[in-house]
Amino acid sequence: MTLPVAPDVETILDSCIETLREVVVPSVEGDWPLYCAELMAGSLEYAKHLLREDLDASRRAELRRALDEVREIVAEASVPEWSEALAEESPFVAASRLLVACQNSGGAAAEQVRAILHPVLYAQLDAEMIRTRGLFSAFARNMAGAK
């Protein structure tokens, strides 16, 4: 039998998640099988988020804009290590290197760079934590017995 309209991927994932959470998880016995079932449900939820949007592209673009904001500060500060960090191709590597270099330097310029980059990176981290929330119940359950 074929459906007149094929279901979309998100609908299929929602069905699998619901089945795992409402049927499989409550009937599973044993800590390890329960952990695996919960981890599967959380992983499917995370996969839905990955299918919805190109996170890497949007995060890179957002971070590149923030790095563009700090270029003038870096040029005025005239710290070679900061300029070298900005030369990195990956905005994530550039931001990381720049923040480490600023950590090792005091002053207003370093504070300005941190004030621009930290909010962007923290917001991206917070968004990722929300997307992976479904995985944490499985991890928490599994770690509860660990000593």
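The side chains of arginine 21 and glutamate 45 meet in a salt bridge, at 2.8 Å from N to O; the term stands for a side-chain nitrogen of Lys or Arg within 4 Å of a carboxyl oxygen of Asp or Glu. Because arginine 21 lies in helix H1 and glutamate 45 in helix H2, the pair ties together parts that are 24 residues apart in sequence. In total, the structure holds 7 salt bridges.

This is a predicted model, where local features need pLDDT of at least 70 and side-chain atom pairs pLDDT 80 or more, while totals for chains, interfaces and linings use all residues. Residues are numbered from 1 along each chain, and side-chain values use heavy atoms, without hydrogens or water.

Here are the helices to look for (DSSP runs of H or I, at least four residues, numbered from the N terminus):

| Helix | Residues |
|---|---|
| H1 | 9-27 |
| H2 | 31-52 |
| H3 | 55-77 |
| H6 | 108-131 |
| H7 | 133-144 |

Now find H3 and H6: their axes come within 8 Å and cross at roughly 170°. Axes are lines fitted to C-alpha atoms over the stretch in contact, with angles from 0 to 180 degrees between N-to-C directions. The crossing makes H3 roughly antiparallel to H6, a label for angles over 145 degrees. Among the residues that meet are Leu63 and Ile73 in H3 and Val113 and Leu117 in H6, where contact means heavy atoms within 4.5 Å.

Methods
Helix = DSSP H or I, 4+ residues; strand = E, 2+ residues; numbered from the N terminus. Parallel < 35°, antiparallel > 145°, perpendicular 65-115°, else oblique.
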